[in-house]
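Work through the exercises below with the structure in view. Try each task before reading its solution.

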Amino acid sequence: MELYEAINKRKTTREFLDTEVDFEVIKRILEAGNRAPTWDHNRNWQFIVLRTDEEKKYAFSEAKAIADKFDADRYLNMPRPYQITLGQKMYGYAMPKQYTMLKEAPYVIIPLFKSKELNGEYVSKLNPFATIWCVIENIFLAATAEGLSCSMCIPLNKEHDIVKKKLKVPPTYMIPVFIGIGYADPEELQLEQYNPDIDKQIRFGRWK
């Protein structure tokens with residue numbers, strides 16, 4: 001698949017088909033992740049791969065609790081002094097699926113980056129965090145090129161530390177995201193997407 005085609009086809013999937021995925025394909029996708037730029041030239045990244053229902057249930061009990069607690073109907077239909085936004089519609093759709101979109105994926109990839117804590121005092125302090133997201137984007141695009149799709153679940157609040165402890169992640173590593181990978185269900189509901197006009201986003205020389 002040509003690069004721009006993969007970029008345009010990439011989308012977040014929250015419902016997967018019950019179709020097996022060859023692990024050699026997953027390895028190619030992770031290898032593409034390893035090709036991302038890195039600030040320290042050491043590529044201190046690791047990947048935990050979850051394959052079984054038991055592994056996923058154990059790791060994501062907090063995600064299930066969060067999803068079960070969320071009342072989508074109440075959130076989507078609450079009185080607002082303005083028309084509901086696309087972002088709010090997506091949030092209302094996605095939150096109840098925070099667990100199932102991981103459990104139902106044939107594979108869940110948990111990328112790890114080496115950093116004891118996030119320090120935003122200076123932008124340069126976020127280098128480890130910035131480069132792992134380059135890895136993640138490579139994974140998304142490589143999965144798309146392989147005909148697969150990804151779900152993306154960013155740990156909420158204490159969820160990061162709970163999963164980290166359960167999976168015995170060393171203290172010097174952090175988890176930016178949980179990525180489900182598999183074949184997308186073509187029947188999944190497709191919400192409206194906002195596509196900005198690039199000509200209105202480009203500013204030459206300065207903001208004004």
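**Exercise 1.** Decide whether Y4 is buried or exposed.

Solution. Start with the cut-offs: buried means under 20% relative accessible area, exposed over 50%, and partly exposed in between (1.4 Å probe, protein chains only). Y4 has 58% relative accessibility, so Y4 counts as exposed. Next, place the residue: Y4 sits in helix α1, residues 3–9. Helices (H or I, at least four residues) and strands (E, at least two) are DSSP runs, numbered from the N terminus. Last, look at the surface around this residue. L3, Y4 and I7 form a nonpolar patch there, and together they have about 330 Å² of accessible area. A patch takes residues with over 30% relative accessible area and no salt bridge; like charges are joined within 9 Å, nonpolar side chains (Val, Leu, Ile, Met, Phe, Trp, Tyr) within 5 Å. Accessible areas come from the Shrake-Rupley method with a 1.4 Å probe, and for residues only the protein chains shown count as cover.

A note on the basis: this is a predicted model, where local features need pLDDT of at least 70, side-chain atom pairs count only at pLDDT 80 or more, and totals for chains, interfaces and linings use all residues. Residues are numbered from 1 along each chain as its sequence is written, and side-chain values use heavy atoms, with hydrogens and water left out.

**Exercise 2.** Find which residues K97, R28 and D68 pair with in salt bridges.

Solution. Take the rule: a salt bridge is a side-chain nitrogen of Lys or Arg within 4 Å of a carboxyl oxygen of Asp or Glu. The whole structure has 5 salt bridges. Here are three pairs to work through.

- K97 pairs with E15, and their closest N and O atoms are 2.8 Å apart. K97 lies in the loop between α6 and α7 (100–103) and E15 in the loop between α1 and α2 (23–34), so the pair ties together parts that are 82 residues apart in sequence. K97 is buried, at 16% relative accessible area. E15 is partly exposed, at 23%.
- R28 meets E146 in a salt bridge, at 2.9 Å from N to O. This pair links distant parts of the chain: R28 is in helix α2, E146 is in the loop between α8 and β3, and they are 118 residues apart. R28 is partly exposed, with a relative accessible area of 46%. E146 is also partly exposed, at 29%.
- D68 pairs with K64, with 2.8 Å between the closest N and O atoms. Both are in helix α4 (residues 61–69); they are 4 residues apart, so about one helical turn separates them. D68 is exposed at 54%. K64 is partly exposed at 36%.

**Exercise 3.** State the volume of the largest pocket, then describe its lining.

Solution. First, the volume: about 290 Å³. On a 1 Å grid over the protein atoms alone, a pocket is an open set of points with protein on both sides within 12 Å along at least five of seven lines; a cavity is a set where a 1.4 Å probe fits but cannot get out; lining residues have an atom within 4 Å of a point. Second, the lining: it has 14 residues, and R10, K11, T12, M90 and Q193 lie nearest the centre. Third, the elements: α1 and α6 (86–94) each supply at least two residues. α1 gives the most, with 3. Fourth, the classes: 5 nonpolar, 4 polar and 5 charged. Ala, Val, Leu, Ile, Met, Phe, Trp, Tyr, Cys and Pro count as nonpolar, Asp, Glu, Lys and Arg as charged, and the others, Gly among them, as polar.

**Exercise 4.** Repeat the steps for the second largest pocket.

Solution. The volume is about 180 Å³. The lining includes T12, R14, Y91 and M152. α6 and β3 (149–153) each supply at least two of the lining residues. The classes are 8 nonpolar, 2 polar and 1 charged.

**Exercise 5.** Find how many cavities of 30 Å³ or more there are, and what lines the largest.

Solution. The count is 1 cavity. The largest cavity holds about 40 Å³ of space. R10, K11, F140, T144, L148, S149 and C150 line it. α8 and β3 are the elements that give two or more residues to this lining. By class, the lining has 3 nonpolar, 2 polar and 2 charged residues.

How values were computed:
Grid points are joined across faces, edges and corners, and a volume is the space filled by probe spheres set on the points.
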